[in-house]
Structures are given as structure tokens and as C-alpha cells.
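These are my notebook entries on a single structure, set down in the order in which I looked things up. I begin with the metal site and then turn to the rings, a pocket and the backbone.

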Amino acid sequence: MIVLDGDAYQVRTDGKAYPVPDTRQTPFASVTYFDADSTADLPEDMDFAAFQTYLDSWLLSENLFYAVKIEGTFSYMKTRSVPGQSKPYPPLVEVTRQQPEFEFTEVTGTVVGFRCPPYASGVNVPGYHLHFLTDDGSAGGHLLDFRVSRATVSIDETAGFFMVLPGEGSDFYKIDLSQDRQAELEEAEK
Ligand SMILES: [Zn+2]
């Protein structure tokens, strides 16, 4: 799912993005009101690994949350989607081993997501977790890699973290969450 300027999109296993109606529910979402604190142009040909090193070098602190937004044109973009699942739900790591992946070339759009601090593990994904949406809103997905053609990054330093848990009657009330799934999350989300 990608939420951009108040509109939500779901990227399905065909790689296309579909508008999400207000009535749809989701098991997990990280959202913010984006308010850019710093902006910079990214060098041409920068890939996702180099981007993370670059952005890490000008963060105020490793221990804050950061909302990240990159707008521009990418000579290469690789994303994935996760197929819908039914009960009994398998672990995410098993699902993402068969994830459909999508590649784009010379694509214009917006990357949005978060960089969470290491201590957020267990309730979110530590490090960078970004999603992409084309500028016409037709395609995108969970970002795996990119190469910049011309792009600008903005970050929003975020000193607050507010988490809402599912309501009474949810399966969440009964599920065993005592197991440490950090290693699985690392494989599933990177
Ligand atoms: Zn994702």
C-alpha cells in the first residue's frame, strides 16, 4: 500500500496500482503528515544502497524516526508486491519468498516511506522501508532497488511515534507474539 497526498493505493500482484476505498481495512500501515525539514538533489546513477549510506550521513540522529520522500525520474526501479493471503496466515517470510517483482526503466514518480531506528524492531521495520508510485498512479510497489536519473529527496525528522493496536475481538488478541521474528523480518523486508 502507498499513501500519498491523502490518497491510498494498493499494488497488486500484476504490478498495477489500484485506488483503495475509504472503507478498506489494512493489518499494518505507517503514515504521517509529511512536513519537509531538509531537501537535497540526488546524484545521477545513485542506487538504493548508496542512497541509504548518503542519507544516513546527514541525519540529525540515528535514534529518531524519519519520513522520506523522493520525487523524480529513475533510470531503473525494482519493486515487489505481496499476494493476498487467507487463513491460516503463513509467516510473511514464507509469502515474500514467492513475491512477484516488477522492473521499470525511465520511470517518473514518488518514493515514500520511513527510516525507523534500531530500537523500533518488533513494532516496525528498522532502517529504510520505502514504497514507490508512478506519477500517473498506475503502478509501483515495495521498493527493492533504484537508480536515480534526476531526483530530489526530502526528509521529515519525526520525534513522535504513535501506535494504534487492533480493536477488541481481533485475532491480534489471541495470537502468540512471544517469538522473536526479527531475522525473518530482515529477510522479508530487505
Ligand atoms: Zn513494504
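**Entry 1. Metal site**

I looked up the donor residues of the zinc ion in this predicted model, and in sequence they follow the spacing H-x1-H-x10-H. The pair His 129 and His 142 links distant parts of the chain, 13 residues apart: His 129 is in strand S7 (residues 127-134), and His 142 is in strand S8 (residues 140-158). I then asked which atoms coordinate the zinc ion. They are NE2 of His 129, NE2 of His 131 and ND1 of His 142, at 2.0 to 2.1 Å. Are His 129 and His 142 buried or exposed? I noted both of them as buried.

**Entry 2. Aromatic pairs**

I searched the whole structure for aromatic pairs and recorded 9. I took up Phe 51 and Phe 146, whose ring centres are 5.7 Å apart. Their planes stand at 65°, and because an angle over 60 degrees counts as edge-to-face, I entered the pair as edge-to-face. This pair also links distant parts of the chain, with Phe 51 in helix H1 (residues 48-57) and Phe 146 in strand S8, 95 residues apart. For burial I used the limit of under 20% relative accessible area. Phe 51 has 0% relative accessibility and therefore counts as buried; Phe 146, at 1%, likewise counts as buried.

I next examined Phe 65 and Tyr 119, which form an edge-to-face aromatic pair with 6.3 Å from centre to centre and 85° between the planes. Phe 65 lies in strand S5 (residues 65-80), while Tyr 119 lies in the loop between strand S6 (101-116) and S7, so the pair ties together parts that are 54 residues apart in sequence. The accessibilities of the two partners went into my notes separately. Phe 65 is buried, its relative accessible area being 9%. Tyr 119 has 54% relative accessibility and so counts as exposed.

**Entry 3. Aromatic cluster and a charge over a ring**

I asked which residues form one aromatic cluster. I listed Phe 48, Phe 51, Phe 74, Phe 104, Tyr 128, Phe 132 and Phe 146. Elsewhere I noted Arg 12 over the face of Tyr 18, at a distance of 4.1 Å from the ring centre.

**Entry 4. Second largest pocket**

I recorded a volume of about 240 Å³ for the second largest pocket. Its lining holds 13 residues, and those nearest its centre are Met 1, Val 3, Ala 8, Val 20 and Arg 24. Sorted by type, the lining comprises 7 nonpolar, 3 polar and 3 charged residues.

I followed up Val 3, which is found in strand S1 (residues 2-4). At 36% relative accessibility, Val 3 counts as partly exposed. I also looked up the separation of the C-alpha atoms of Val 3 and Phe 28: it is 12 Å, for residues 25 apart along the chain. Met 1 led me to Gly 109, which is 108 residues away in sequence and 15 Å away in space, C-alpha to C-alpha. Gly 109 lies in strand S6 and, with 4% relative accessibility, counts as buried.

For a further spacing I took Asp 7, placed in strand S2 (residues 7-11). Asp 7 is partly exposed, at a relative accessible area of 42%. From Asp 7 to Asp 37 I noted 30 residues in sequence and 22 Å in space, C-alpha to C-alpha.

**Entry 5. Backbone geometry**

I kept in mind that most residues other than glycine have a negative phi, and that most peptide bonds are trans.

Where is there a cis peptide bond? I located one joining Lys 87 and Pro 88, with omega about -5°. Pro 88 has its place in the loop between S5 and helix H2 (92-96).

I then noted Asp 45, which is not a glycine yet has a positive phi of about 75°. Asp 45 lies in the loop between strand S4 (38-42) and H1, and with a relative accessible area of 45% I recorded Asp 45 as partly exposed. Glu 106, also not a glycine, has a positive phi of about 45°. Glu 106 is found in strand S6, and at 53% relative accessibility Glu 106 counts as exposed.

How values were computed
Residues are numbered from 1 along each chain as its sequence is written. This is a predicted model: local features need pLDDT of at least 70, side-chain atom pairs count only at pLDDT 80 or more; totals for chains, interfaces and linings use all residues. Side-chain values use heavy atoms; hydrogens and water are left out. Donors are N, O and S atoms within 2.8 Å of the metal (3.2 Å for Na, K and Ca); water is not among the atoms, so sites may look incomplete. Helices (H or I, at least four residues) and strands (E, at least two) are DSSP runs, numbered from the N terminus. Buried means under 20% relative accessible area, exposed over 50%, partly exposed in between (1.4 Å probe, protein chains only). Rings of Phe, Tyr and Trp (its six-membered ring) pair if their centres lie within 6.5 Å; planes under 30 degrees apart count as stacked, over 60 as edge-to-face and the rest as tilted. A charge sits over a ring if NZ of Lys or CZ of Arg is within 6 Å of the ring centre and within 35 degrees of the ring normal. On a 1 Å grid over the protein atoms alone, a cavity is a set of points where a 1.4 Å probe fits but cannot get out, and a pocket is an open set with protein on both sides within 12 Å along at least five of seven lines; lining residues have an atom within 4 Å of a point. Grid points are joined across faces, edges and corners, and a volume is the space filled by probe spheres set on the points. Ala, Val, Leu, Ile, Met, Phe, Trp, Tyr, Cys and Pro count as nonpolar, Asp, Glu, Lys and Arg as charged, and the others, Gly among them, as polar.
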